[in-house]
Each structure stands twice: as structure tokens, then as C-alpha cells.
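This report walks through one protein model, beginning with a pair of side chains and moving out to the whole chain. Keep the structure open while reading.

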Amino acid sequence: MLSAIVVLCTISLTFPQAKTQTPGDWKEVDRVLGRPGNVQGETYRVGFPRNDLRVTVGAVKVRPSLALGSWVAFKQTDDSTAMLMGDLVLLPVEVGSVIDALQRGGIEQTALHNHLASESPHLVYLHIGARGRPVALATAVHEALGFTRTPAPDAKSSPPPPLGLDTVQIAQTLGAHGKANGGVYQVSVPRAETVTSDGMEIPPAMGVATAINFQAIGATTAAATGDFVLIASEVNPVLRTLRANGIAVTALHSHMLNEMPRLLFMHFWGEGDALKVTRGLRAALDQMNIKRD
């Protein structure tokens, strides 16, 4: 009797195993940038809040952590190189010199546009990307920021301002938990699918997670801003949902050049009763393919 042996083979696409990161791995980057960052999974992210700017949207005085936070994020790609992405908050007069410095350092620009609407003074947001040696990339970023008034970190450790928000209720309503940062409650909601660029997986902390930030403006009122990270089929359902809930859409555009799937970023501004605004944002999230807490 002949017996048949059937071998089933499955082929799957896998990305290289992510190296566990520690702050110590990035101490030379910290030295060049003049400030420490923080590890978020396989990403090392460094923030540059524009504490020098006094920005208002209507009657709202915008805290730096609400919408004025420049940042860069690094992901190690091999023993000597890293991928960098970031977003720099600039005054229009700063843009040309910053772009020239970044280009000299091998860092490319992937978008330049507004995020807010009717803010004073007017701001633009420069999105950047590169691959190379981490210290060399950090040096280019440092030199570029030298053409702005981005302040050095405050050596004094002052207590953070109070949130003045019911964060438990916000988190329960959104279905996602956040963190306090500089008097703002920040929520990050990753997409369910993997996002790649040139074959490299992009972690959510590199700017491909929906960002929702809340700042109290009264006892029960808040301003909320950020951006929804969308595929094309989600754009108009999310837009209609935001508008139906009284939330302004302030921009719709790309941030990157070669991402898969193609992503569009919808910026928004909501203001008023904090719970009402939160419910409107949750309704918009329900139109998307996102990871749930």
C-alpha cells in the first residue's frame, strides 16, 4: 500500500525582530539634541515644546502640549542606522532656514502645511523623514532648530499645571486611555493594521496613530485638537461625523511620501462641553479601523 505524505507550507511576511530599546541606547542623541527623550516601544521620541510662543485660537490660550510640540522619533534599523520621522512647529519666517539646514544634513521634507485654523500668530508644520546614523540625524535636527526660537529645556523642575478634566470619563467615552502632559490630556489611538514605509514597519509613536488632545478652558468645558489618521475610504465618514457633532475640520492632507497603506491626516478643533466634544470624537473613531483598549 502506498501512503501519501502531504506537506503543507505556509508563507508569511514578517518584519525583523524589534530590538528592545532603553534610554541608554540613545545617550549620544540626547547629548546632541540637548535634552532627553523617552522610549515608546521600539521608538525613541524627543519633544521640543514651543514654550516661546504665545498662541491663541479665538479666546483659547493654547498650551504647548496641546498643539505646539515639535518632535522627532527614531527607530533603529540595524546596528548603525536608524529611521527618523518628525514634525516641527514653525513660524513662517523660520521655514526657509530650517529647510535648508535639514537638507544639508540629509533630512528630507515630506509635508508643509497648517494644522490649526485662525490661530494667532500663524503657524506651519514641517514634516520630516530620513535614514542614517542617529547622531548625524540628531546633529542636523539640532542645527535646524538653531534657526528657530525653540527654547532649551527648563532646568527648574516646576509642578505640572492641573488638568481640570475628568480624564476617567474622557477615557471611558473614547474607549482609549491617555496621559497628562503639561496641563493637557493626550490620547493616542493606533490603527489596527501595520503601516510601512519602503518595507519598514512604522510604529504608532512615529506619527501614524490618531492623536486627540484635551485642554480645560472652564469648569466643564475643554478645547480638543489633534488629527485622525485615515485611509481614503474613512475620510468622508469621519468628516461628516465630526461636522454633525459641531467639531471643525481644520486641515486634510498627507504627512508622508511612501507609506502603505496610503494615509490621510484630518486635523480638527472642538470646543465646548468636554463630554459632548468627547462623544463626537468617539463617534468619529467608530468610523475607523483602530485598535481598541
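R292 is partly exposed, at 46% relative accessibility. The model is predicted. The side chain of R292 meets that of D286 in a salt bridge, 3.3 Å from N to O. D286 is partly exposed too, with a relative accessible area of 40%.

**Salt bridges**

How many salt bridges does the count come to? The count is eight. Three pairs are set out here.

| Salt bridge | N to O distance |
|---|---|
| R31 and E28 | 2.9 Å |
| R191 and E193 | 3.0 Å |
| D286 and R292 | 3.3 Å |

Take R31 and E28 in turn. Both sit in helix α1, which covers residues 27–33. They are three residues apart there, so about one helical turn separates them. R31 is exposed, at 55% relative accessibility. E28 is partly exposed, with a relative accessible area of 38%. Their side chains meet in a salt bridge at 2.9 Å, N to O.

R191 and E193 give another setting. R191 is buried, at 3% relative accessibility. E193 is partly exposed, with 24% relative accessible area. The cut-off for buried is under 20%, so R191 at 3% falls below it, while E193 at 24% does not. The salt bridge between these two side chains spans 3.0 Å, N to O.

**The R50 network**

Which residues does R50 link with in a network of salt bridges? They are D52 and E94. R50 lies in the loop between β2 (43–49) and β3 (56–57).

Is R50 buried or exposed? R50 is buried, with a relative accessibility of 0%. Its contacts, leaving aside neighbours within four places in sequence, include P64, L68 and S70. V89, L90 and E94 are also among them. So is the run of T148, R149, T150 and P151. E94 therefore appears twice: as a contact of R50 and as a member of the salt-bridge network, where a side-chain nitrogen of Lys or Arg lies within 4 Å of a carboxyl oxygen of Asp or Glu.

**Loops and backbone**

Two cis peptide bonds can be described. One joins S120 and P121, with omega about -5°. P121 is in the loop between β8 (119–120) and β9 (124–132). The other runs from M260 to P261, with omega near -5°. P261 is placed in the loop between β17 (259–260) and β18 (264–273).

Positive phi also occurs outside glycine. S118 has a phi of about 65°. S118 lies in the loop between β7 (108–113) and β8. At 69% relative accessibility, S118 is exposed. D198 has a phi near 50°, and this residue is not a glycine either. The loop that holds D198 runs between β12 (196–197) and β13 (200–201). D198 is exposed, at 56% relative accessibility.

A219 belongs to the loop between β14 (209–216) and β15 (221–230). A219 is exposed, with 80% relative accessibility. How far apart in space are A219 and L252? They are 31 Å apart, C-alpha to C-alpha, and 33 residues apart in sequence.

**The whole chain**

The protein has seven helices and 18 strands. Its radius of gyration is 20 Å. The globule rule gives 19 Å for 293 residues, and the two values are close, so the protein is as compact as a globular protein of that length. The C-alpha trace spans about 85 × 45 × 35 Å along its principal axes.

Buried residues make up 46% of the 293. Contacts reach far along the sequence. Among those between residues at least 6 apart, 67% join residues at least 24 apart.

The accessible surface comes to about 14,700 Å². Carbon and sulfur atoms account for 54% of that surface. How many positive and negative side chains does the protein have? There are 25 positive and 25 negative side chains. The centres of these two sets lie 4 Å apart.

Note on methods
Residues are numbered from 1 along each chain as its sequence is written. This is a predicted model: local features need pLDDT of at least 70, side-chain atom pairs count only at pLDDT 80 or more; totals for chains, interfaces and linings use all residues. Side-chain values use heavy atoms; hydrogens and water are left out. Helices (H or I, at least four residues) and strands (E, at least two) are DSSP runs, numbered from the N terminus. Buried means under 20% relative accessible area, exposed over 50%, partly exposed in between (1.4 Å probe, protein chains only). The radius of gyration is taken over C-alpha atoms; the globule rule is 2.2 Å times the number of residues to the power 0.38. Contact means heavy atoms within 4.5 Å. Accessible areas come from the Shrake-Rupley method with a 1.4 Å probe; for residues, only the protein chains shown count as cover. Lys and Arg count as positive and Asp and Glu as negative; His and the chain ends are not counted. The place of a charge is taken as NZ of Lys, CZ of Arg, CG of Asp or CD of Glu.
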